[in-house]
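Please open the model in your viewer and keep the selection panel at hand. The stops below can be taken in order.

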Amino acid sequence: MGKTKKYCYGLCFLISIAINILFTINLYLGGGQEISGRPLTWSEKAAAEAEGVAAISCSGHGRAYVDGIVSDGKPVCECYDCYGGTDCSELSPGCAADADSGDPIFLEPFWMQHATESAVVISGWHRMSYRYADYTTMSTQLETYIRKLHSVVGNAVTEGRYLVFGIGSTQLLNAAVYALSSENSSSPSNVLASVPFYPMYKAQTAFFNSESFQFEGDTNSWQLNNSTNNMDVIEFVTSPNNPDGELKKPVLGGKTIYDHAYFWPHFTPIPGPSDHDVMIFTLSKLTGHAGTRFGWAIIKDKDIYEKVLNYISFADLGISKDTQLRVLKLLKVAIEGDGKPLFRFSYKKMSDRWDRLTSVMSKSTRFSIQQRHPLHCNFFNETRLPSPAYAWVKCEREEEYDCGAVLEAGKIIGRTGSSFSAEDRYTRLSLIKSQDDFELLLQRLTVLVSLENGSIKTM
Ligand SMILES: Cc1ncc(COP(=O)(O)O)c(C=O)c1O
């Protein structure tokens, strides 16, 4: 019985390899392009091309893409960090673990498991117009699904609120500052955030160099030096915060922009629906599709909504219709099963990474990471620890004030504390990259911590 099963598995495996080879030859050597004796339809041809490229395994350490570089008629593997060779099978031994960027590749396996439901075929003539039939530039179907998603997750109130789409939440951050800044005022509105804060707030506000707003730095320092009667302030409240994962509250009593990029069950328990004047979300940290460049703002006040909408119109005449189609497809998958398949997957991935990270870091006195506090999650209906996107590492030894340099000597690349207007005694490590990236990061941290323990023993 067991032997027969083994033969069956073996035979199936060989047949599947043979089919793959035939499929790839057929695709790239231009043979056939027929099915049951008839030519492929345009969608079958597009699907065959997409599946042919997806079938290139790149040893599991890279990906080939339909729009990637082609060599000898075949798409080339784009290898993950530290892997090389034509099939990404070669690990470069001394390679540093790069935990710098917030690229959310940790969700890639979920989408591979949901390949059938999430794929999109776009015809050559799909929505060529600037606008939809209702003369808007925003898909009402997509808007409906975004509202459904928030209601399923319970993380934001959308009833009676306006929605505006942006090219990532990045575009909406400045659109919101513009919309909230005081017109006809003799002095610019003051834009602030609480240290440590996401660097883009400062960078964008400075870059756009407007007469209507200026970046004034940290809320707490500002409060010490300014009287509360000059309250023309716009405060970014990042909840959960990048870099430390804290559910931030406003410090000043002025206007607020709630940046909810990470307010999803993978990163934090959801204590209840957020209900603020301006709330900004992004697809990047929800489904992991940062490359799609899509975000949305939920706005209470009609005037503010119109200003944000105007900003998007003047900057871009709206968001790509191809992007909106793709986001719609992804959100349909996200809300399947009331969001349980996606958020169970993503929470498990993040909490596993945190369990393994805390186990390594608990053996260290040289490094510490942020404290996490349990909170009731309405979505999962239980009390859970947060599993933030980033570890906010502190170097505890007095002489090690440049934590980035200490980690770099241990072949770990993080993002320095000063990037977040904090001390360089802190470094941010990204935990949302690919599994390969995370494994290498953990390996390098384990070595660093064990060296520390070894040196303690010999002292
Ligand atoms: C707090 C925060 N807000 C906004 C963004 C921008 O996201 P995107 O422009 O990809 O939507 C990021 C990206 O890392 C972020 O960390």
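Begin with the ligand in this predicted model, and select the 13 residues around it, of which G168, S169, T170, T282 and S284 come nearest. If you colour this shell by residue character, it divides into three nonpolar residues, nine polar ones and one that is charged. Helix α6 gives the most to the shell, with three residues.

Next, select the largest nonpolar core, which has 91 residues; those with the most contacts inside it are V164, A176, I257, V278, I280, A297 and V308. Helix α6, spanning residues 168-180, supplies the largest share of this core, namely eight residues. Because domain 2 (140-339) and domain 3 (340-458) both give residues to the core, it lies between them.

Which residues does I280 touch, leaving aside those up to four places away in sequence? Centre the view on I280 and you will find S169, L172, L173, A176, I257, Y258, D259, H260, G295 and A297. Apart from this large core lies another one, of eight residues, and C58, C77, C79 and Y80 are among them.

For the last stop, move to helix α14 (residues 435-458) and select L448, which has its place there. Is L448 buried, exposed or partly exposed? With 19 other C-beta atoms within 10 Å, L448 counts as partly exposed, because a residue is buried only if 20 or more lie within that distance and exposed if 12 or fewer do. Finally, add G410 to the selection: 38 residues separate G410 and L448 along the chain, yet their C-alpha atoms are 6.2 Å apart.

Definitions and conventions: Residues are numbered from 1 along each chain as its sequence is written. This is a predicted model: local features need pLDDT of at least 70, side-chain atom pairs count only at pLDDT 80 or more; totals for chains, interfaces and linings use all residues. A nonpolar core is a set of buried Ala, Val, Leu, Ile, Met, Phe, Trp, Tyr and Cys residues joined through C-beta atoms within 7 Å. Helices (H or I, at least four residues) and strands (E, at least two) are DSSP runs, numbered from the N terminus. Domain bounds come from an automatic or database domain assignment. Two residues are in contact if their C-beta atoms, placed from the backbone, lie within 7 Å. A residue is near a molecule or strand if its C-beta atom, placed from the backbone, lies within 6 Å of it. Ala, Val, Leu, Ile, Met, Phe, Trp, Tyr, Cys and Pro count as nonpolar, Asp, Glu, Lys and Arg as charged, and the others, Gly among them, as polar.
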